[in-house]
Amino acid sequence: MLRSFAIRAGDKQLHKWDLLLTDTHIAAMTAGELPYGVIKDGAIAIADGRIAWIGPNQDLPENTAKKTRSLAGKWTTPALIDCHTHLVFAGDRAREFEQRLNGASYAEIAAAGGGIMSTVNATRDANFGELLSQTKRRLDVLQAEGCGTVEIKSGYGLNLATELTMLEVVRELGNRAEISVVSTFLGAHTVPIEFKNDSDGYIDLVCNEMLPAVHEKKLADAVDAFCETIAFSTAQLARVFSKAQDLSLPVKLHADQLSDGGGAALAAEFNATSADHLEYTSAAGVSALADAGTVAVMLPGAFLTLGETQLPPIEQFRDHNVPIAIATDCNPGSSPICSLRTTMALATSLFKLTPEECLAGVTRNAATALGLGSDRGTLEVGKRADLAIWDINHPQVLSYWIGNNELSELLIAGMPV
Ligand code: NIG
Ligand code: FE
């Protein structure tokens with residue numbers, strides 16, 4: 001991927017860069033000994049949208065950067081990555097929110113025809129333009145606090161037409177937005193009312209019609225599913241994942257959120273890029289994730305909203321070196337939260353993740369969860385120059401304040417957005 005960014009000038013190498021940022025403290029978030037991958041008093045050079053040089057100011061080689069800017073002591077981190085959202089939806093579920101506070105459980109509401117199905121009905125009734133404008137507004141909120149890449153799932157259509165519309169909205173956002181949008185097909189989110197007593201019949205539809213159509217139109221980068229007693233079994237989802245594999249689409253899974261249904265092991269069996277939620281994952285599930293190199297995505301917004309008390313096995317993830325990512329899970333039912341910064345703070349207070357783990361969880365490990373680890377998520381030569389520049393005195397602040405937005409600037413592929 002690396003091109004040569006230098007020309008020879010006599011005996012010396014003279015670097016040609018588009019932009020040189022100097023006088024910045026850098027949290028490169030590279031994995032290694034150095035906490036946060038810190039470079040104090042550093043500089044970052046960008047050429048052709050990628051990082052061409054990074055290191056201490058004092059080691060800067062001779063160069064002819066077209067533009068040089070001092071960041072006057074601000075901190076630079078990789079742009080944040082929200083690797084699990086359901087941003088496309090219509091309506092809200094405030095009524096269910098109140099029902100839950102009056103004692104009904106998430107599963108009871110779903111069994112009574114509410115839950116995901118109520119958002120499905122609202123989404124089916126909305127048109128493309130309505131979905132696009134509502135989703136764009138949410139995406140802008142994430143961008144404003146430093147997100148440079150956002151994953152967005154379908155899954156509130158549950159018929160071919162509306163699933164395609166949702167994914168077309170995601171694609172259109174990808175075309176319009178300055179930040180990157182990653183698209184995930186979540187047809188197997190729950191059993192739609194039309195298939196109430198025939199969940200296998202719905203899986204047939206997902207495998208035989210939806211997935212081929214989504215693939216043919218190149219509308220999805222990956223395939224997700226919900227493995228749970230109120231959704232689909234491991235046997236049903238193994239069919240979906242096999243079909244995804246036939247189409248060369250990577251998979252990921254909502255796993256073990258409300259009960260231990262063997263979701264983590266299923267995800268690992270299919271080399272999922274990530275397994276998400278994982279509150280009820282067993283020790284065997286954790287080692288399966290470790291063996292497969294699957295990222296564990298923590299969703300503290302859903303944990304908080306559903307009043308969950310079963311903590312995900314964080315200590316076991318650490319012991320087994322399972323990479324931990326953090327995401328908003330932004331959706332109208334289980335995680336009405338449209339702030340990755342707030343989610344980082346929740347991960348510290350609810351899951352006792354450290355601020356460094358939180359920042360790695362929304363940069364390096366979130367990139368890996370999306371299969372983009374070689375392209376972004378850390379600040380290293382060759383990676384895309386997706387940079388968040390902050391008015392802070394240390395990156396631990398990013399998991400500490402809730403509701404402060406210390407973002408000074410966001411650069412995507414080296415361009416300010
Ligand atoms: O990630 N767990 C399943 N899917 C979503 C919830 C979607 C909803 O309730 O609308 C989640 O929590
Ligand atoms: Fe989700």
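**Close-up views of a predicted model**

**View 1. Helix α4 passes helix α5 in a right-handed crossing.** The model is predicted. Helix α4 covers residues 128-144, and helix α5 covers residues 160-176. Their axes come within 10 Å and cross at roughly 50°. That angle makes α4 oblique to α5, because angles under 35 degrees count as roughly parallel and those from 65 to 115 as roughly perpendicular. On the α4 side, the contact is formed by Phe128, Leu131, Leu132, Thr135, Lys136 and Leu139. On the α5 side, these residues meet Thr165, Glu168, Val169, Glu172, Leu173 and Arg176. By class, the contact of α4 with α5 has six nonpolar residues, two polar residues and four charged residues.

**View 2. Helix α5 runs roughly parallel to helix α6.** The axes of α5 and α6 come within 10 Å and cross at roughly 25°. That angle makes the pair roughly parallel, because it falls under the limit of 35 degrees. The crossing of α5 past α6 is right-handed. From α5, the contact takes in Leu160, Glu163, Leu164 and Leu167. Their partners in α6 are Glu209, Met210, Ala213 and Val214. By class, the contact of α5 with α6 holds six nonpolar residues, two charged residues and no polar ones.

**View 3. Helix α6 and helix α7 come within 10 Å of each other, axis to axis.** Helix α6 covers residues 199-216, and helix α7 covers residues 234-246. The axes cross at roughly 10°. That makes α6 roughly parallel to α7. The α6 side of the contact comprises Ser199, Asp200, Ile203, Asp204, Val206, Cys207, Leu211 and Pro212. The α7 side comprises Gln236, Leu237, Arg239, Val240, Lys243 and Ala244. Sorted by class, the contact of α6 with α7 has eight nonpolar, two polar and four charged residues.

**View 4. Lysine 243 sits in helix α7.** Leaving aside neighbours within four places in sequence, lysine 243 is in contact with Cys207, Leu211 and Pro212. Those three residues belong to the α6 side of the contact between α6 and α7. With a relative accessible area of 25%, lysine 243 is partly exposed. Lysine 136 takes part in the contact of α4 with α5. The C-alpha atoms of lysine 243 and lysine 136 are separated by 31 Å. Along the chain, the two lysines are 107 residues apart.

**View 5. Three histidines and an aspartate coordinate the iron ion (ligand 2).** The donors are His84 (NE2), His86 (NE2), His254 (NE2) and Asp329 (OD). They lie at 2.1 to 2.3 Å from the iron ion. In sequence, the donor residues are spaced H-x1-H-x167-H-x74-D. Histidine 86 lies in the loop between β8 (80-82) and α1 (94-101), and aspartate 329 lies in the loop between β15 (324-326) and α12 (340-351), so the pair ties together parts that are 243 residues apart in sequence. Histidine 86 counts as buried, at 2% relative accessibility. Aspartate 329 counts as buried too, at 1% relative accessibility.

**View 6. Histidine 254, an iron donor through NE2, is placed in strand β12.** The strand covers residues 252-255. Histidine 254 is buried, with a relative accessible area of 3%. Residues up to four places away in sequence are not counted in its contacts. Among the residues that histidine 254 touches are His84, His86 and Asp329, each of which also coordinates the iron ion (ligand 2). Histidine 254 also touches Lys153, Leu186, Asp224, Ala225, Phe226 and Cys227. Asp276 and His277 are in contact with histidine 254 as well.

**View 7. Aspartate 329 and aspartate 41 have positive phi values.** Aspartate 329 has a phi of about 60°, although it is not a glycine. Its place is the loop between β15 and α12. This residue also supplies an OD donor to the iron ion (ligand 2). Aspartate 41 has a phi near 50°. Aspartate 41 belongs to strand β4, residues 38-47. The two aspartates have their own burial classes. Aspartate 41 counts as partly exposed, at 47% relative accessibility, whereas aspartate 329 counts as buried, at 1%.

Note on methods. Residues numbered from 1 in each chain as written. Chains lettered and ligands numbered in written order. Predicted model: local features only at pLDDT ≥ 70, side-chain atom pairs only at ≥ 80, totals over all residues. Heavy atoms only, no water. Axes fitted to C-alpha atoms, helices over the stretch in contact; angles between N-to-C directions. Helix = DSSP H or I, 4+ residues; strand = E, 2+ residues; numbered from the N terminus. Parallel < 35°, antiparallel > 145°, perpendicular 65-115°, else oblique. Left-handed = near helix turned anticlockwise from the far one by under 90°. Contact = heavy atoms within 4.5 Å. Nonpolar A, V, L, I, M, F, W, Y, C, P; charged D, E, K, R; others polar. Donors = N, O, S within 2.8 Å, 3.2 Å for Na, K, Ca; no water. Buried < 20%, exposed > 50% of the residue type's maximum accessible area, 1.4 Å probe, protein only.
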